[in-house]
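User: Please take a close look at one buried polar side chain and its surroundings, and then connect that spot to the rest of the chain.

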Amino acid sequence: MNIARIILGIIVFALSATQLITGNDKLLPYSMFFLGLMMLVIGITDLQKDRKGFVGYMCLVVSLLVLFTVILSFLI
């Protein structure tokens with residue numbers, strides 16, 4: 001799971017940097033999708049490490065809301 005966090009972090013960073021440099025807003029749903037996936041992985045790893053605190057559950061809830069919003073934006 002640690003490798004997935006690193007790979008997703010690099011993808012999010014690359015997409016965000018590309019958006020800032022080019023000013024292209026068409027990549028925003030893709031960066032939000034990968035950010036939601038990264039938060040989902042963070043939440044799952046927190047819950048697997050028996051740290052069942054606020055951060056793990058909040059990461060899961062927020063990631064699911066972000067992914068739901070992005071999927072709806074792709075469908076519209």
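Analyst: A serine and its surroundings

A polar atom of the side chain of Ser-63 lies 2.9 Å from the backbone oxygen of Leu-60, which is a polar contact (N or O atoms within 3.5 Å, within protein one able to donate a hydrogen and the other to accept it, with residues adjacent in sequence counted only if both atoms are side-chain atoms). The model is predicted, so that local features need pLDDT of at least 70 and side-chain atom pairs count only at pLDDT 80 or more, while totals for chains, interfaces and linings use all residues. Residues are numbered from 1 along each chain as its sequence is written, and side-chain values use heavy atoms, with hydrogens and water left out.

Ser-63 belongs to helix H3, which covers residues 54-75; helices (H or I, at least four residues) and strands (E, at least two) are DSSP runs numbered from the N terminus. Because its relative accessibility is 0%, Ser-63 counts as buried, on a scale where buried means under 20% relative accessible area, exposed over 50% and partly exposed in between, with a 1.4 Å probe and protein chains only. With residues up to four places away in sequence set aside, Ser-63 touches Gly-36, Met-39 and Leu-40, where a contact means heavy atoms within 4.5 Å.

What lies across from this serine in helix H2? Leu-37 is found in that helix, and although Leu-37 and Ser-63 are 26 residues apart in sequence, their C-alpha atoms are 6.7 Å apart in space. Leu-37, with a relative accessible area of 24%, is partly exposed, and beyond its neighbours within four places in sequence Leu-37 is in contact with Leu-8 and Leu-67. Of these two partners, Leu-8 falls within the residue range 2-22 of helix H1.

A second side-chain contact with a backbone oxygen involves Gln-19, a residue of helix H1. The side chain of Gln-19 reaches the backbone oxygen of Leu-27 at 3.0 Å, and Gln-19 is buried because its relative accessible area is 14%. Outside the residues up to four places away in sequence, Gln-19 touches Asn-24, Leu-27, Leu-28 and Ser-31.

The rings come next. A search of the whole structure finds 2 aromatic pairs, a pair being rings of Phe, Tyr and Trp (its six-membered ring) with centres within 6.5 Å, stacked if the planes are under 30 degrees apart, edge-to-face if over 60 and tilted for the rest. Tyr-30 and Phe-74 form a tilted pair, 5.4 Å centre to centre and with 45° between the planes. Since Tyr-30 lies in helix H2 (residues 28-48) and Phe-74 in helix H3, this pair ties together parts that are 44 residues apart in sequence. Tyr-30 counts as partly exposed at 41% relative accessibility, and Phe-74 is partly exposed as well, with a relative accessible area of 42%. The rings of Phe-33 and Phe-34 have centres 5.6 Å apart and planes at 70°, so this pair is edge-to-face. Phe-33, at 28% relative accessibility, counts as partly exposed, and Phe-34 is partly exposed with a relative accessible area of 23%.

Helix H3 also holds residues that face outward. Val-55, whose place is in helix H3, counts as exposed because its relative accessibility is 51%. Val-61 lies in helix H3 too, and with a relative accessible area of 45% Val-61 is partly exposed. Both valines belong to a nonpolar surface patch of about 500 Å², made by Phe-54, Val-55, Met-58, Val-61 and Leu-65. The C-alpha atoms of Val-61 and Arg-51 are separated by 16 Å, the two residues being 10 residues apart along the chain.

Finally, the chain as a whole frames these local views. The chain has 3 helices and 0 strands, running α-α-α from the N terminus on, and its C-alpha trace spans about 40 × 25 × 15 Å along the principal axes. Of its 76 residues, 26% count as buried, Ser-63 and Gln-19 being among the buried residues. Among contacts between residues at least 6 apart in sequence, 53% join residues at least 24 apart. The chain exposes about 5400 Å², of which carbon and sulfur atoms supply 76%.

Conventions:
Patches are made of residues with over 30% relative accessible area and no salt bridge: like charges are joined within 9 Å, nonpolar side chains (Val, Leu, Ile, Met, Phe, Trp, Tyr) within 5 Å. Accessible areas come from the Shrake-Rupley method with a 1.4 Å probe; for residues, only the protein chains shown count as cover. A salt bridge is a side-chain nitrogen of Lys or Arg within 4 Å of a carboxyl oxygen of Asp or Glu.
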